Amino acid sequence: MKLTKILTAGVFAGLALAATQASASVLDTVKQRGTLNCGTDNTAPGFGYLNTTTGQMEGLDVDFCKAVAAAVLGDASKVKFVTVTDKSRFDAVLTNQVDVVFAHTTIKPARESSIAVDFLPINFYDGTGIMVKADLGVKEFAELDGATFCTTQGSVTETVLTSAFKARGWANSKVLTYENLEKLFAALNSGRCNAMSTDKSALAAWAGNSPNPADYVILPDTLDKSPFAGFVAANDSKWRNALRWITYGLFQAEESGITQANLEEKLKSDDPFVQKFLGIGGGYGKDFGLSDDFVAQAIKAVGNYGEIYNRNLGPDTKMYLERKGTPNALWTEGGAIYSPLWN
Amino acid sequence: MTIDRTDARAFASESDMLASKRRRNRFRHDAIQVAIIAAAVALVALFAYAVKEGLARHGIQFSFSFLWDAAGFDISEGKTLVFDNGLWPSLTSFTADRTIAQAFVTGIVNTIKVAVLAIILSTVLGTLLGVGRLSTNWVVRNLSFWCVEFVRNTPLLIQLVFWYFAVVLHFPPLAAAAKFYGVVISQQGLYFPSPVWHGGSSPFAVAMAVACCAAILGLILNGRAKIRWICAGAAVVLLGVMLATGTLGLDYPVTSRFQASGGTSMSPEMAALLLAIVVNSASYIAEIVRGSIDALPKGQWEAAASLGLSRRNTVNDIILPQVFRVVLPSFGNQYISLTKNTALGIAIGYPELFNIYGTIANQTGHSLEGIVIVMVSYLVLSWVISGLVAWADRRLTKRGAAR
């Protein structure tokens with residue numbers, strides 16, 4: 001009898017605990033904890049990558065984590081990077097292991113409906129590409145009938161490849177899935193895979209970081225579009241809205257010409273919009289449960305969107321991805337990076 | 001007499017007391033049992049309720065209806081059950097337009113394929129290694145010892161990655177594949193020639209095939225050495241005649257640019273997983289066999305020696321038959337853990353059950369329902385294996401007792 005009592009008590013305690021945890025917004029939890037648990041990849045150069053020479057995490061996704069930490073907690077160093085894989089990233093956020101995930105994740109309807117995550121604004125526009133070794137002598141996707149394609153497990157590419165085969169009537173082509181990009185790249189190098197397929201940015205990154213980039217050819221074909229965005233657990237609009245406007249803040253900062261370098265100067269600006277945007281004498285932050293200078297804090301930490309892009313994917317990086325003329329350019333330059341109206 | 005009667009009465013009341021005490025004890029015992037069961041049921045129910053509430057809060061539905069949706073993804077290898085011709089199922093290669101349920105079946109089929117092969121091969125290799133460790137030959141003894149020690153003291157996952165990336169993927173590419181007698185060994189896979197039936201339904205060909213099968217069955221099932229030799233000879237002759245007359249042909253694999261077609265094939269992933277699991281569990285089986293041989297009374301060896309049996313005959317006819325009766329339950333344990341270890345195939349991209357679950361969970365979002373299916377599948381597989389081992393054990397014990 002005693003045992004039953006203890007058991008029942010334990011179960012009710014567990015239920016009560018779960019209930020209290022669920023009711024609070026992640027925003028409050030993060031502020032209380034004082035650190036942000038941010039889920040990123042660590043094998044995707046340019047996005048989330050552990051630089052083995054410096055021992056630091058770097059990449060576009062990593063910088064977004066830092067921007068969020070700076071905006072919410074006022075200190076970009078208060079971010080704890082939690083490594084997630086293509087497979088584990090959704091469970092990580094649903095089980096509160098991480099507060100937000102920035103891991104080159106493609107937005108798809110099934111992910112918002114059945115997995116119950118809410119996506120943030122798109123922060124990179126990518127497409128599914130194919131990479132082969134140069135000595136295979138293949139010039140375009142159409143020559144690969146019957147080949148073995150490799151991709152990561154749990155990625156959109158799995159279904160994209162299947163529909164591409166079906167559309168062309170290829171019956172003998174195979175899709176092999178690996179846990180992460182590291183194994184995938186090793187399998188391409190060994191010759192097990194005739195072609196490696198994932199987002200073009202990742203292909204460029206792996207080829208660019210290899211000892212001999214000329215050994216690889218990224219085929220011109222783009223099989224499907226893959227818009228990347230961070231995501232949070234569903235039904236927490238307070239947290240989601242705060243993160244959305246942090247992201248838009250980075251877009252708007254580029255549009256308004258506010259950079260990491262000229263931030264101090266802009267803080268003294270007479271322009272009423274810039275003043276309010278950066279939180280001088282009252283700003284937009286209060287309504288989201290953030291401090292009024294949240295955008296300024298984020299810019300101070302990582303710079304505006306253009307600076308983040310150039311640092312990780314720009315001409316000085318090994319994986320250089322052209323920005324001009326792609327959807328990743330600002331809308332004022334014909335791209336799709338667009339922030340809603342702030343005024 | 002009166003005294004006697006009072007004694008009897010006292011005795012009766014004592015036995016009454018005993019009986020009532022027993023009843024009370026039994027009642028208490030039953031009450032505790034019922035309470036424990038009730039607590040367990042309540043715990044499970046509460047847990048299920050908490051999970052359901054949690055899912056509802058996230059707006060996720062717990063339902064198995066997604067199993068009948070079209071999969072929409074490909075699996076690199078494997079067959080699934082298809083009910084195309086009425087109720088009679090057939091095994092057909094999985095394609096993207098099959099259902100999610102059939103994708104799960106493909107995973108189960110792939111898991112069973114590796115598990116069955118690994119059980120057979122690791123038993124043979126393990127027994128050889130185990131006997132080898134007791135060999136009088138210094139080289140054989142030490143070689144077996146170091147194989148077993150090395151394999152038992154490193155993690156299986158690391159062995160698997162080693163076999164795949166350091167061994168199997170270093171096979172020659174398809175263009176320069178090693179070929180002998182129609183067998184193609186390349187990093188795209190291992191291809192073997194497979195037998196094909198050309199005889200149609202002509203009575204002569206069918207008669208020969210039936211005779212050949214009978215001979216092979218006789219070879220396996222018959223206990224007497226003489227008859228087994230005759231059966232083996234007949235099977236070889238019949239096979240030769242069928243190959244020569246062209247009723248039975250061999251389908252050789254033909255290599256093209258990216259892969260080979262024809263014959264039967266084994267993917268590099270399956271080869272690596274099989275190698276890793278067979279070598280790993282063979283070393284455990286070797287230890288079981290060695291331990292059981294050591295545990296046999298020394299008198300068995302001495303008695304065999306005094307009868308003038310050679311060492312080989314002693315091991316084959318005296319030692320191993322006794323050992324197998326003892327080791328069967330331990331083998332059963334090893335078979336079950338081996339079957340569960342196939343789930344490591346995910347590390348090298350072999351599409352076993354757990355790997356396919358990963359894809360399904362990510363494409364459909366139904367990870368909880370999926371993991372329930374996976375757990376139940378492994379549970380059933382383990383039960384079937386332990387049931388088969390128990391059955392074999394009973395049979396062996398009965399036969400042993402009859403002798």
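A crossover is called right-handed if, with the strands pointing away from the viewer, the path from the first strand over the helix to the second runs clockwise. In chain A, β8(A), α6(A) and β9(A) make a right-handed β-α-β unit of this kind, where helices (H or I, at least four residues) and strands (E, at least two) are DSSP runs numbered from the N terminus. The model is a predicted one, in which local features need pLDDT of at least 70 and side-chain atom pairs count only at pLDDT 80 or more, while totals for chains, interfaces and linings use all residues. Residues are numbered from 1 along each chain as its sequence is written, and chains are lettered from A and ligands numbered from 1 in the order in which they are written.

**The β-α-β unit of chain A**

Strand β8 (residues 148-152) of chain A runs parallel to β9(A), and five bridges link the two; strands are taken to pair if DSSP finds at least two bridges between them. Within this pairing, A:Thr152 stands opposite A:Tyr178 in β9(A). Five of the five residues of β9(A) are buried, a residue being buried if 20 or more other C-beta atoms, placed from the backbone, lie within 10 Å of its own, exposed if 12 or fewer, and partly exposed in between. A:Lys174, A:Leu176 and A:Tyr178 point one way from the strand, whereas A:Val175 and A:Thr177 point the other way, and all are buried.

**The contact between the chains**

The interface joins 40 residues of chain A to 36 residues of chain B, two residues being in contact if their C-beta atoms, placed from the backbone, lie within 7 Å. On the side of chain A that touches chain B, at least two residues each are supplied by α1 (2-23), α4 (89-94), α5 (109-113), α6 (157-168), β9 (174-178) and α7 (181-190) of chain A. The largest share of that side, seven residues, is given by α1(A). By residue class, that side of chain A holds 18 nonpolar, 14 polar and eight charged residues; Ala, Val, Leu, Ile, Met, Phe, Trp, Tyr, Cys and Pro count as nonpolar, Asp, Glu, Lys and Arg as charged, and the others, Gly among them, as polar.

**Domains**

Domain bounds come from an automatic or database domain assignment. For chain A, the assignment gives domain 1 (26-125 + 227-322) and domain 2 (127-226), and the C-alpha centres of these two domains of chain A lie 29 Å apart. Their contact takes 15 residues from domain 1 of chain A and 19 residues from domain 2 of chain A. On the domain 1 side, β2 (43-44) and β12 (225-233) of chain A are the elements that give two or more residues, and the residues of that side divide into six nonpolar, five polar and four charged. Chain B is divided into domain 1 (1-62) and domain 2 (79-155 + 266-402), with 41 Å between the centres of the two, taken over C-alpha atoms.

**A three-stranded sheet in chain A**

The strands β2-β3-β4 of chain A, in that order, form an open sheet with antiparallel pairing. Because β2 and β4 (57-58) of chain A stand at the edges with a single partner strand each, one side of each is left without a neighbour in the sheet. Strand β3 (residues 48-50) of chain A is joined to β4(A) by two bridges in the antiparallel sense, and A:Leu50 stands opposite A:Met57 in β4(A).

**Single residues of chain A**

Most residues other than glycine have a negative phi. Two residues of chain A with positive phi, neither of them a glycine, are set out below.

| Residue | Phi | Loop | C-beta neighbours inside 10 Å |
|---|---|---|---|
| A:Ala116 | about 65° | between α5 and β7 (117-133) of chain A | 20, buried |
| A:Asn235 | about 65° | between β12 and α9 (237-255) of chain A | 13, partly exposed |

A:Ile308 lies in helix α13 (residues 305-313) of chain A and, with 24 C-beta neighbours inside 10 Å, counts as buried. Leaving aside neighbours within four places in sequence, A:Ile308 is in contact with A:Leu60, A:Asp63, A:Leu250, A:Val302 and A:Gly303. A:Ile308 and A:Leu250 are 58 residues apart in sequence and 9.1 Å apart in space, C-alpha to C-alpha.

**Helix α10 of chain B**

The expected span of a helix is 1.5 Å times one less than its number of residues. The 12 residues of helix α10 (residues 353-364) of chain B should therefore span 16 Å, which agrees with the 16 Å between its end C-alpha atoms. Of these 12 residues of α10(B), 11 are buried, among them B:Phe354, B:Tyr357 and B:Ile360. The residue that follows α10(B) is B:Gly365, whose phi is positive, near 85°.
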